[in-house]
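Got the viewer open? Let's walk through this one stop at a time, selecting as we go.

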Amino acid sequence: MKNIVVLISGSGSNLQSMIDACQCGEISGQIVAVISNKNDAYGLQRAQKAGIPAICVDSKQFADRQAYDTALLDTIERYQPDLVILAGFMRILSPEFVKHFTGKMLNIHPSLLPKYPGLHTHRRALENGDKEHGTSVHFVTEELDGGPIILQGRIPVYSTDTEDDLVERVKLQEHIIYPQVVEWFIANRLVMGDGKAFLDGKAIPITGLIAE
């Protein structure tokens, strides 16, 4: 069974969707560790309740990003991961760290990439009058939120929507599509090569697949 390490910074709702998917067999791998950069992240409690090792590598304890990333990498490698999942991990990772896990690290971003990399995606969608919004699962590369897009979940934007409305509806999409992509990877259906994502041997369009 393949090993999965999940990195978090906050409440861990996407982590919970992964735990649930593993427990019911929708993901055929096992989460062997959950690691946070914040010791008060609620996601660590979710991991403990599920009997998963919950570790804090506190970013405040390190002098710079390089020192932190080295310690984080060493901690992850103790669990011999086949896949590293970023699930609300709110740190920009160094190029060296990303290169080490090239092709086996996934992230989910709350926008329809390449639109709105970075922060405040829901606000930006509303300010620009977008009629459609959503979330994207992608491979992690050195470019922030710029790795090959795998799968997107889309939602309509209504005239009465607030940021909180979008947050909640996008989360529902995230909890569906992220475990699905993880299982594709665990089942050896999904790989990254030549800067592209491939599913079942076929290149995924640069805009990603669209969840039904």
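Start by selecting Phe 62, which sits in the loop that runs between strand 3 (54–56) and helix 3 (65–77). Keep in mind that this is a predicted model. Is Phe 62 buried or exposed? Neither, quite: Phe 62 has a relative accessible area of 28%, and it counts as partly exposed because that value falls between the 20% and 50% cut-offs.

Now show what is around Phe 62. Skipping its neighbours within four places in sequence, you'll find Phe 62 in contact with Val 57, Ala 67, Tyr 68 and Ala 71. For a sense of scale, draw a distance from Phe 62 to Glu 127: C-alpha to C-alpha, the two are 37 Å apart in space, with their positions 65 residues apart in sequence.

Next, jump to Ser 94, in the loop between strand 4 and helix 4. Ser 94 has a relative accessibility of 2%, so it counts as buried. Which residues does Ser 94 touch, leaving aside neighbours within four places in sequence? Select Arg 65, Gln 66 and Asp 69 to see those contacts.

Time to zoom out. Colour 1–101 as domain 1 and 109–211 as domain 2. If you place a marker at the centre of each domain, taken over C-alpha atoms, the markers end up 20 Å apart. The contact draws on 20 residues of domain 1 and 15 residues of domain 2.

How much area do domain 1 and domain 2 bury between them? About 1600 Å², and 67% of that is on carbon and sulfur atoms.

Then look for charges that pair up across the boundary. The rule finds one salt bridge across the interface of domain 1 and domain 2. Select Glu 142 and Lys 99 to see a salt bridge whose closest N and O atoms are 4.0 Å apart. As for polar contacts, the count between the two domains is five residue pairs, with both residues at pLDDT 80 or more.

Stay on the domain 1 side and highlight helix 1 (13–23), strand 4 (83–86) and helix 4 (95–100): these are the elements that give two or more residues to the side touching domain 2. Helix 1 gives the most, with five residues.

For a last view, colour that same side of domain 1 by residue class. You should get eleven nonpolar, five polar and four charged residues facing domain 2.

Terms used: Residues are numbered from 1 along each chain as its sequence is written. This is a predicted model: local features need pLDDT of at least 70, side-chain atom pairs count only at pLDDT 80 or more; totals for chains, interfaces and linings use all residues. Side-chain values use heavy atoms; hydrogens and water are left out. Domain bounds come from an automatic or database domain assignment. Contact means heavy atoms within 4.5 Å. Buried area is the accessible area (1.4 Å probe) that two parts lose on being put together, summed over both. A salt bridge is a side-chain nitrogen of Lys or Arg within 4 Å of a carboxyl oxygen of Asp or Glu. A polar contact is a pair of N or O atoms within 3.5 Å; within protein, one must be able to donate a hydrogen and the other to accept it, and residues adjacent in sequence count only if both atoms are side-chain atoms. Helices (H or I, at least four residues) and strands (E, at least two) are DSSP runs, numbered from the N terminus. Ala, Val, Leu, Ile, Met, Phe, Trp, Tyr, Cys and Pro count as nonpolar, Asp, Glu, Lys and Arg as charged, and the others, Gly among them, as polar. Buried means under 20% relative accessible area, exposed over 50%, partly exposed in between (1.4 Å probe, protein chains only).
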